[in-house]
Amino acid sequence: MAVTPDGTAPLDRPGRRGGVRLLLLVPLLLLVALSAWAVATPVGGSPDENYHLASIWCGAGERPGLCESASGGAGERVPWATIASQCYAFHPEVAATCQVKALGADPNRLVTTQHVNSVAHYYSPLYYAVLSPFASADVGASVIAIRIVNSLLFVVIVSVLFWVLPARRRPLLVVSLAVTVVPWGVFLIASVNPSGWAVLAGGTVWLAVLGFLESAGWRRVVLGVLAVVTAVMGAGARSDMAVYAVIGMVAAVFLAMRGGGGRRFWVSVILPVVLSLVCFVLFLTAQQVGVWQNGVAPGSGGTARHGWSLLLHNLLNVPTLIVGSLGTSSLGWNDVTIPPVVWVGTLFVFAAAVFTGLATMSWRKALVVGATVIALVSLPLYLLQRSLTEVGGLVHPRYLLPLLIMFVGFVLFPIGTRWVRVTPLQAWLVVAVLSAANAVSLYSNIRRYTLGGAPGVSLSGPGSWWWGSGVPQPSIVFAGGIIAFTAALALLTHHLLTTQRAVPDSVRRGSGVPVASV
């Protein structure tokens with residue numbers, strides 16, 4: 001069977017064409033799975049959502065009834081429901097029904113706050129400006145709409161990137177995201193938190209640049225556009241993602257370079273160089289740059305430790321930040337406890353992927369992987385040391401998740417024709433573990449808000465919290481979410497296994513044409 005220069009096997013068999021048509025269901029299934037997460041949390045359920053909602057409502061400037069300037073420059077006037085819905089935060093025994101009392105008879109009345117980006121400028125204004133058109137007087141409906149829009153952006157960008165990447169690079173996209181997004185990744189993607197855009201950028205920007213450097217024709221154009229979009233989205237959402245995006249683009253250039261490159265290659269490098277400058281500019285638009293320069297005041301989560309004692313303590317505990325997003329860290333406002341069965345499974349899959357990738361190595365790949373490990377350790381240590389803060393304060397695992405996704409992709413990067421293949425049993429075991437972890441995480445998240453600390457196993461009951469009449473009941477959301485997630489992961493796995501088997505070993509070993517593998 002012929003193989004195209006970009007590593008794509010032609011669709012010359014009816015069965016293979018049918019498999020590709022079936023794969024087109026994956027974006028819809030992913031959107032359903034993420035939409036379940038979008039309604040699994042009440043208004044105010046993601047970290048610092050009161051700040052992010054007020055900032056979105058004011059993202060387009062003054063709008064009557066949505067965002068109005070307070071007299072005397074005291075702040076912004078926004079709907080009460082945007083800043084006071086998290087009455088359950090830090091109290092896992094309290095269900096979201098507390099919102100009825102906390103918000104009162106008029107949740108849309110305007111109140112003054114300074115905890116908003118147009119006043120504090122902690123983040124780049126880009127994220128809030130893009131989502132501000134979805135703000136309305138109905139805060140609940142707007143929050144659901146924003147979460148689904150963010151989920152749709154993820155699905156569309158990842159799907160387009162999957163189809164335009166050379167086939168030999170598609171497993172890097174699928175596997176690096178699959179083994180790292182449960183549970184914190186899916187929670188953030190389907191939220192109003194800017195970290196959701198950072199997760200998207202962490203999984204895509206370096207691959208878009210890599211594909212751009214390796215492709216030609218229309219694929220190259222589309223990949224270049226995706227590189228621009230994902231880099232700007234990531235850097236415009238969080239300042240730390242601006243740093244990670246530059247790391248990812250530098251790594252992509254380094255991995256794509258062959259024999260010193262050529263004139264065409266170095267001309268192509270202009271794009272990631274320009275995007276790095278754009279990321280730097282977006283980094284400077286947020287006040288978070290001051291945290292990188294000076295840390296925070298010792299009173300903000302400070303500690304009695306200092307100097308070498310603090311450094312040693314944080315060095316020994318920094319792994320909890322690196323892998324916390326895999327389930328060892330609680331969801332929401334750190335008050336949605338995740339059962340150990342989740343993080344045992346996700347850590348097993350993560351470790352399996354890393355050890356699989358280490359089977360192929362070169363000095364170039366070793367430098368990229370090593371540099372990423374150093375960044376994963378040194379960046380949080382630096383911020384904690386500058387702020388005289390122990391692990392557990394100031395820096396949260398979700399901040400490192402985009403870089404962790406990149407790390408998995410770098411480790412799995414294939415070297416020449418040396419491909420590590422997995423058996424169907426290994427692949428389907430990963431599907432089973434991740435599907436179970438997603439199911440348990442979604443169940444735990446829904447039940448924490450519907451019933452709080454009430455005993456039992458049901459997702460709803462008399463007096464439990466849920467959205468209005470427009471949202472299916474919790475049990476339906478849960479069932480639809482876990483079925484869609486499992487089906488999407490199964491279809492992708494089947495496709496990658498089929499592609500792996502489609503190319504003869506003689507081609508894989510002798511021709512130098514890379515093919516998709518898992």
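A residue is called buried here when its relative accessible area is under 20%, exposed when that area is over 50%, and partly exposed in between. With that in hand, Cys-98 just makes it into the buried class, because its relative accessible area is 19% and the cut-off is 20%. Everything described below comes from a predicted model.

Cys-98 is a good place to start, since a disulfide joins Cys-87 to Cys-98. The two sulfur atoms sit 1.9 Å apart. This pair links distant parts of the chain, with the two positions 11 residues apart in numbering: Cys-87 belongs to the loop between α4 (80-83) and α5 (98-103), while Cys-98 is in helix α5 itself. The partners also fall into separate exposure classes: Cys-87 is partly exposed, at 28% relative accessible area, whereas Cys-98 is buried. As for handedness, the torsion about the S-S bond of Cys-87 and Cys-98 is about 85 degrees, so this disulfide is right-handed.

How many disulfides turn up when the whole structure is searched? The search finds 2. Besides the bridge just described, Cys-58 and Cys-67 form a disulfide, with sulfur atoms 2.0 Å apart. Here the torsion about the S-S bond is about 100 degrees, so the Cys-58 to Cys-67 bridge is right-handed. Cys-58 is buried, at 6% relative accessible area, and Cys-67 is buried as well, at 2%. Counting bonded cysteines along the chain, the pattern of pairing reads 1-2, 3-4. Another cysteine, Cys-279, is buried with a relative accessible area of 1%.

Next come the enclosed spaces inside the protein. There are 2 cavities of 30 Å³ or more. The largest has a volume of about 380 Å³. It is lined by 23 residues, and those closest to its centre are Val-26, Leu-30, Phe-154, Val-158 and Leu-492. Several helices share the job of walling it in: α2 (26-39), α8 (139-164), α9 (170-178), α10 (184-189) and α23 (474-502) each supply at least two lining residues. Which helix gives the most to this lining? That is α2, with 6 residues. The chemistry of the wall is lopsided, with 22 nonpolar residues, 1 polar residue and no charged ones.

The second largest cavity has a volume of about 40 Å³. Its lining consists of Trp-37, Ala-38, Thr-41, Gly-45, Ser-46, Glu-49, Arg-147, Phe-187, Ala-190 and Ser-191. This wall is a mixed affair: 4 of the lining residues are nonpolar, 4 are polar and 2 are charged. Charged residues are thus part of the lining of the second largest cavity, while the lining of the largest cavity has none.

One last spot to look at is Thr-450, which lies in helix α22 (residues 424-450). Is Thr-450 buried or exposed? It is buried, because its relative accessible area is 1%, and the cut-off for that class is 20%. A polar atom of the Thr-450 side chain lies 2.8 Å from the backbone oxygen of Leu-459. Leaving aside residues up to four places away in sequence, Thr-450 touches Ala-95, Leu-459, Ser-464, Trp-465, Trp-466 and Pro-474. Leu-459 therefore features twice around this threonine, as one of the residues it touches and as the owner of the backbone oxygen 2.8 Å from its side chain.

Definitions and conventions: Residues numbered from 1 in each chain as written. Predicted model: local features only at pLDDT ≥ 70, side-chain atom pairs only at ≥ 80, totals over all residues. Heavy atoms only, no water. Disulfide = S-S within 2.5 Å. Buried < 20%, exposed > 50% of the residue type's maximum accessible area, 1.4 Å probe, protein only. Helix = DSSP H or I, 4+ residues; strand = E, 2+ residues; numbered from the N terminus. 1 Å grid on protein atoms, 1.4 Å probe; cavity = no way out; pocket = protein on both sides within 12 Å on 5 of 7 lines; lining within 4 Å. Points joined across faces, edges and corners; volume = space filled by probe spheres on them. Nonpolar A, V, L, I, M, F, W, Y, C, P; charged D, E, K, R; others polar. Polar contact = N/O pair within 3.5 Å; in protein donor to acceptor, adjacent residues only side chain to side chain. Contact = heavy atoms within 4.5 Å.
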